[in-house]
Amino acid sequence: MDSRNDKCWCGSGLKYKKCHMSLDEKIREYELKGHIVPERFNIKTAKDIEGIKISAKVNTGILDFLEGKIIAGMSTEDIDKLVYNYTIEHDAIPAPLNYEGFPKSCCTSINNEVCHGIPSEKVILKDGDIINVDISTIKNGYFSDASRMFMVGNVSDEARKLVEFTKECLEKGIEQVKPWGHIGDIGAAIKEHADEHGYSVVTMFGGHGIGNEFHEEPFVSHVGRRDTGMLMVPGMVFTIEPMINIGKANVYVDKENGWTSYTRDGSLSAQWEHQILVTEDGYELISW
Ligand code: MF3
Ligand code: CO
């Protein structure tokens, strides 16, 4: 039990009653009413948030560095090298490298690949491809994660529309982020938007808490239901990273490499990802 006059658990140096006490009490009230609430670990301290932002700055720097460099004729291994070198030069570590056996520094997912594509010198980009590059970084022990789509040369109208629409879905999800709302609101907004326009939302993967570890609570479904799931509380940091398919939502995972996931019907898939901090009055995009 935290005492009012003790120092706050967050390390601010302030007395508990002057720091996190009222927030903790409010969370407890919600919990008693039956809501799923975050653990203290998932409510980031000021120091954590500072560290996560520094990590995210490197992570965003990598994505910006890639803009204009993703062209037909290069391999996804070439992309991986750019990512690895940039990361190391910025005194950081690529989070995917050796993560649960993942062999490379980023994920590169082309066309009908939904996510977790493994960079390879055998995979050569060609005119008309759409590719998601998913970048995650560890800096001073803090984790960041974001991804963007890149269009290679002349892309079909259908593919371009999917890429743009998927970004819209991410934005619809982000608009839902506010303290004392629920994580399910995010996926509900994304799913409604996709349904309205005849696209499907992948259910097998979701966003995730992140900061002190790569994947933390909560799981952020992109097909959630309003007013369900974990309560959003100031200080929480998580990703929203919808994967949207032109065809059906079904996906399967490559049996040989155990990672790459594809649309079952072979249709195109796109994904955009941001990392978000819940603030006192809304949200802040960390991956900017
Ligand atoms: N960036 C991916 C995510 O959003 C990382 C997947 S794990 C990896 O969670 F090992 F493939 F990188
Ligand atoms: Co992620």
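**Exercise 1.** In which strand is Pro218 found?

*Solution.* The model is predicted: local features need pLDDT of at least 70, side-chain atom pairs count only at pLDDT 80 or more, and totals for chains, interfaces and linings use all residues. Residues are numbered from 1 along each chain as its sequence is written, chains are lettered from A and ligands numbered from 1 in the order in which they are written, and side-chain values use heavy atoms, with hydrogens and water left out. Pro218 belongs to strand β8 (residues 216-220); strands (E, at least two residues) are DSSP runs numbered from the N terminus. The peptide bond leading from Glu217 into Pro218 is cis, and its omega is near -5°.

**Exercise 2.** Identify the protein donors of the cobalt ion (ligand 2) and their spacing along the chain.

*Solution.* Step 1: donors are N, O and S atoms within 2.8 Å of the metal (3.2 Å for Na, K and Ca); water is not among the atoms, so sites may look incomplete. Step 2: Asp145 (OD), His208 (NE2), Glu241 (OE) and Glu273 (OE) lie 2.1 to 2.3 Å from the cobalt ion. Step 3: the spacing of these donors is D-x62-H-x32-E-x31-E. Distant parts of the chain are linked here, since His208 is in strand β7 (residues 207-209) and Glu241 is in the loop between β9 (237-240) and β10 (243-245), 33 residues apart.

**Exercise 3.** Describe the surroundings of ligand 1.

*Solution.* Step 1: the shell holds 14 residues, of which Pro96, Asp134, Asp145, His215 and Glu241 come nearest; a residue is near if one of its heavy atoms lies within 4 Å. Step 2: consider polar contacts (pairs of N or O atoms within 3.5 Å). A nitrogen atom of ligand 1 is 3.1 Å from a side-chain N or O atom of Asp145, a polar side-chain atom of Ser136 lies 3.2 Å from a nitrogen atom of the ligand, and one of Glu273 lies 3.5 Å from a ligand oxygen atom. Step 3: alone, ligand 1 exposes 330 Å², and the protein buries 96% of that (Shrake-Rupley method, 1.4 Å probe).

**Exercise 4.** Locate Glu100 and state its phi.

*Solution.* Glu100 lies in the loop between β1 (93-94) and β2 (107-110). Although Glu100 is not a glycine, its phi is positive, about 45°.

How values were computed
Polar contact = N/O pair within 3.5 Å; in protein donor to acceptor, adjacent residues only side chain to side chain. Helix = DSSP H or I, 4+ residues; strand = E, 2+ residues; numbered from the N terminus.
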